Amino acid sequence: MYRFNQREILDITNYIFLQDALAPADVIFIPGCARPEHTEEAARLYREGYAPLVIPSGRYAKAAGHFEGVARGAERYGIDFVCEADFLTEVLRQNGVPDKAILPEREATYTLENAEKTRELLLREKGRLPACAILCCKAHHARRAYFYYSLVFPEVKILVHPTAIDGITRDDWHRTAGGRQAVLGELSRMGQQILMMEDRIEYE
């Protein structure tokens, strides 16, 4: 039997679980998802005045090839959605965000596209980029989400604001099989996806 020591756990924790102090911003970014939790949190931030615009992004997961449906929250928000962004828009509406403050992005099929197509949408619809954005994401997805949004928006200050789901937190992820699968899966995907982008990344 081998043992994962506390330093190894802490190193992985600090790499995957990012969180910045909240501050007023120009927009809230929401990467695509079929769950409502981080979007409910984005709605709370909007109601509290942290940003005047919210952009939920997502068509469906590329691997699936279609929107597989709401994974959690169907009893409250419904099931009749064509894409992730439409579902997340309904979550925002039911949590107090008016339509005028929502700019859905409906084409992205993976996290890099969430960022790329959000940038395209902002330039097309608003004619400019924000100075500061809050990135609302799942806690164990924070590193990968920040990595892609920061690549695509190098001129924008991005504040990561994570929401823990299924008890997968920086303190407890390693204590359950589900937590380990989620976090170590993210660790693996980070390396794989950076290597896949080798011809698109310059190293300082």
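A residue is called buried at under 20% relative accessible area, exposed at over 50%, and partly exposed in between, with a 1.4 Å probe and protein chains only. The model is predicted, so local features need pLDDT of at least 70 and side-chain atom pairs count only at pLDDT 80 or more, while totals for chains, interfaces and linings use all residues. Residues are numbered from 1 along each chain as its sequence is written, and side-chain values use heavy atoms, with hydrogens and water left out.

**Exercise 1. Classify His38 as buried or exposed, and describe its surroundings.**

Step 1. Locate the residue. His38 belongs to helix α2, residues 37–47. Helices (H or I, at least four residues) and strands (E, at least two) are DSSP runs, numbered from the N terminus.

Step 2. Apply the cut-off. His38 is buried, because its relative accessibility is 2%.

Step 3. List the contacts, where contact means heavy atoms within 4.5 Å. Apart from neighbours within four places in sequence, His38 touches Ile30, Pro31, Cys33, Cys136, Cys137, Lys138 and Thr163.

Step 4. Look at the polar atoms. A polar atom of the His38 side chain is 3.2 Å from the backbone oxygen of Pro31.

**Exercise 2. State how many residues of α2 are buried, and what covers them.**

Step 1. Count. Of the eleven residues of α2, eight are buried, so the helix is largely enclosed by the rest of the structure.

Step 2. Name them. The buried residues are Glu37, His38, Thr39, Glu41, Ala42, Ala43, Leu45 and Tyr46.

Step 3. Find the cover. It includes the strands β1 (27–30), β2 (54–56), β3 (132–138) and β4, together with α4 (84–94).

Step 4. Check the backbone after the helix. Gly49, just after α2, has a positive phi of about 85°.

**Exercise 3. Describe the packing of α5 with α6.**

Step 1. Choose the descriptors. Two packed helices are described by the angle between their axes and the distance between the axes. Axes are lines fitted to C-alpha atoms, for helices over the stretch in contact, and angles run from 0 to 180 degrees between N-to-C directions.

Step 2. Give the values. Helix α5 (residues 111–125) packs on helix α6 (residues 142–152) at an angle of about 35°, and their axes are 8 Å apart.

Step 3. Assign the hand. A crossing is left-handed if the near helix is turned anticlockwise from the far one by less than a right angle, and right-handed if clockwise. The crossing of α5 and α6 is right-handed.

Step 4. List the residues. From α5 come Thr111, Leu112, Asn114, Ala115, Glu116, Thr118 and Arg119, and from α6 come Arg144, Ala145, Tyr148, Tyr149 and Val152.

Step 5. Sort them by class. Ala, Val, Leu, Ile, Met, Phe, Trp, Tyr, Cys and Pro count as nonpolar, Asp, Glu, Lys and Arg as charged, and the others, Gly among them, as polar. The α5 and α6 contact has six nonpolar, three polar and three charged residues.

Step 6. Examine one residue, Tyr149 of α6. Tyr149 is buried, as its relative accessible area is 0%. Its C-alpha is 5.1 Å from that of Ala115, which is 34 residues away along the chain.

**Exercise 4. Describe how α7 packs with α6 and with α1.**

Step 1. Take α6 first. The axes of α6 and helix α7 (residues 177–196) come within 9 Å and cross at roughly 25°. This makes the pair roughly parallel, given that angles under 35 degrees count as roughly parallel, over 145 as roughly antiparallel, 65 to 115 as roughly perpendicular and the rest as oblique.

Step 2. Name the residues in this contact. Arg143, Arg144, Phe147 and Tyr148 of α6 meet Glu186, Arg189, Met190, Gln193 and Ile194 of α7. By class there are four nonpolar, one polar and four charged residues.

Step 3. Take α1. Helix α1 (residues 6–16) and α7 have axes that come within 11 Å and cross at roughly 70°, which means that α1 is roughly perpendicular to α7. Their crossing is left-handed.

Step 4. Name the residues here. Ile12, Tyr15 and Ile16 of α1 meet Val183, Leu184, Glu186, Leu187 and Met190 of α7. The classes are seven nonpolar, no polar and one charged.

Conventions: A polar contact is a pair of N or O atoms within 3.5 Å; within protein, one must be able to donate a hydrogen and the other to accept it, and residues adjacent in sequence count only if both atoms are side-chain atoms.
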